[in-house]
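Q: I am new to reading protein structures, and I would like to look closely at a single part. Could you walk me through one strand and its surroundings, and then show me a few other places worth a visit?

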Amino acid sequence: MSRYWSDLVNQLTPYVPGEQPQGDRLIKLNTNESPYQPSPAVLTAIAAVSGDSLRLYPDPESTALKRAFAQRNGLLPEQVFIGNGSDEVLAHVFQALLKHDQPVCFPDISYSFYPVWCELYGISHRDVPVANDFTIDPTAYPTDNGGIIIPNPNAPTGVLMGLDVIRSLLRASCDSVVVIDEAYIDFGGESAVQLIDQFDNLLVVQTLSKSRALAGLRVGVAMGSVELIEGLERVKNSFNSYPLDIVAQRAALASLADEEYFQQSCQRVVASREFVCRELTTMGFDVLPSAANFVFASHSRRAARGLFAELRERGIIVRYFDKPRIDNYLRISIGTEAQCDALLLALRALLKLKR
Ligand SMILES: Cc1ncc(COP(=O)(O)O)c(C=O)c1O
């Protein structure tokens, strides 16, 4: 609290990101980053940025990048919005498209930044319970809403929602914007981008932070009808005209151009995820079916909070959420094969299992 702060700032409860330990030799499985490096083409593009191009402001519209996303997704460049990480894109989405008289709806278990943006922008929200198996029930969403936002696959559960569910949400809420946050879609889901032509109230948000191993670069994207994108541009150009620096624009472009590397690293993560799911299940964990680059698991004999702390003592950081319905689950990001092996070995020791 400070008398120099606005009333709003005095009341805010900011989002707390997962720990980013500095300099420790820890196995970091807590923030769903890629365990692999980005495409070598990205590093070449970064090295090729000249001093002269750094002297100038970057292209405020990220034109080349918009074109590349548009081409990849069968859209017009005017249907693409680019921001400094999908967190920034989502913040603009809340302000531009989800601030209305009715509350915005999102699952009771979902990305914990959503309620923070609601508080920041003065948006009321309604938490819609996920089913007992953590799936999304489209009929649970009221049709008179100020908008709907759902991560798909959901975070932190990893549970995937099919396009049929998304279609019913879009049809039932045709007067409000339905946002599908596809931060993890490349690890096994079908993107809703293909529905954009049929539904002008659909906005799909993606990131280069996870499947393209560029969390450190901060590039996010939204795709939707020209009308929705124009709304986002209006907020962006009233906030920061240059959200993406020249390095990020060039590197993101290089990443999009290397489809083969992208596919290979996604497949590697998916193979490790399936292995980890199988092994955890044999250890007595209940593992939710995951279409993401993390798993969400609970153990009948051992409390998640204790396991989280004991893994930390052994140099392995995973994520624990002290929240209703999920306080006995661990969210574990998929690491390299060696990191996954180390995790499984540590858990076997903590559970006093042989092998
Ligand atoms: C569901 C979801 N959406 C969005 C983001 C933000 O990603 P970024 O800002 O790195 O693009 C995250 C990050 O963990 C996430 O889990």
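A: Here is a walk along one strand and its sheet, followed by the ligand site and some backbone details. Please keep in mind that this is a predicted model.

Let us begin with strand β10, which covers residues 294-299. Is this strand covered or not? It is mostly covered, since 6 of its 6 residues count as buried, and buried means under 20% relative accessible area. In a regular strand, side chains alternate between the two faces of the sheet. You can follow two sets of side chains in β10: F294, F296 and S298 point one way, while V295, A297 and H299 point the other way. Residues on both sides are buried.

Now look at what lies beside β10. Strand β9, residues 285-287, is joined to β10 by 3 bridges, and the two run antiparallel. Two of the partners are easy to find: F285 is paired with H299, and V287 is paired with A297. If you trace the chain from β9 to β10, you pass through a hairpin of 6 residues.

Strand β13, residues 330-333, also pairs with β10, this time through 4 bridges and again antiparallel. Here F296 of β10 stands opposite R331 of β13.

Step back and you can see the whole sheet. It is an open sheet of 4 strands in the order β9-β10-β13-β12, with antiparallel pairing. Its edge strands are β9 and β12 (319-320), each of which pairs on one side only.

Next, let us visit the ligand, which sits in the largest pocket. Around the ligand there are 13 residues, and the closest are S86, Y184, T207, S209 and R218. Helix α5, residues 85-97, gives the most to this shell, with 4 residues. Some polar atoms are worth picking out. An oxygen atom of the ligand lies 2.7 Å from a backbone N or O atom of S86, and a backbone N or O atom of D87 is 3.0 Å from an oxygen atom of the ligand. From K210, an N or O atom in the side chain is 2.8 Å from a ligand oxygen atom. Taken alone, the ligand exposes 400 Å², and the protein buries 91% of that.

Another stop is V204, in strand β7 (residues 202-207). Why is V204 called buried? Its relative accessible area is 0%, so V204 falls under the 20% limit. The C-alpha atom of V204 is 6.8 Å from that of A192, although the two residues are 12 apart along the chain.

Finally, try some backbone angles. Most residues other than glycine have a negative phi, and most peptide bonds are trans. Against that background, F134 has a positive phi near 70°. F134 lies in the loop between β4 (125-128) and β5, and it is buried, with a relative accessible area of 6%. A213 is not a glycine either, yet its phi is positive at about 55°. You will find A213 in the loop between β7 and β8 (220-224), where it is buried with a relative accessible area of 17%.

For cis peptide bonds, go to the loop between β5 (148-151) and α7 (163-172), where P153 lies. The bond joining N152 and P153 is cis, with omega about -5°. P156 is in the loop between β5 and α7 too, and the bond from A155 to P156 is cis, with omega near 10°.

Key
Residues are numbered from 1 along each chain as its sequence is written. This is a predicted model: local features need pLDDT of at least 70, side-chain atom pairs count only at pLDDT 80 or more; totals for chains, interfaces and linings use all residues. Side-chain values use heavy atoms; hydrogens and water are left out. Buried means under 20% relative accessible area, exposed over 50%, partly exposed in between (1.4 Å probe, protein chains only). Two strands pair if DSSP finds at least two bridges between them. A residue is near a molecule or strand if one of its heavy atoms lies within 4 Å of it. A polar contact is a pair of N or O atoms within 3.5 Å; within protein, one must be able to donate a hydrogen and the other to accept it, and residues adjacent in sequence count only if both atoms are side-chain atoms. Accessible areas come from the Shrake-Rupley method with a 1.4 Å probe; for residues, only the protein chains shown count as cover. On a 1 Å grid over the protein atoms alone, a cavity is a set of points where a 1.4 Å probe fits but cannot get out, and a pocket is an open set with protein on both sides within 12 Å along at least five of seven lines; lining residues have an atom within 4 Å of a point. A molecule sits in a cavity or pocket if more than half of its atoms lie within 2 Å of its grid points.
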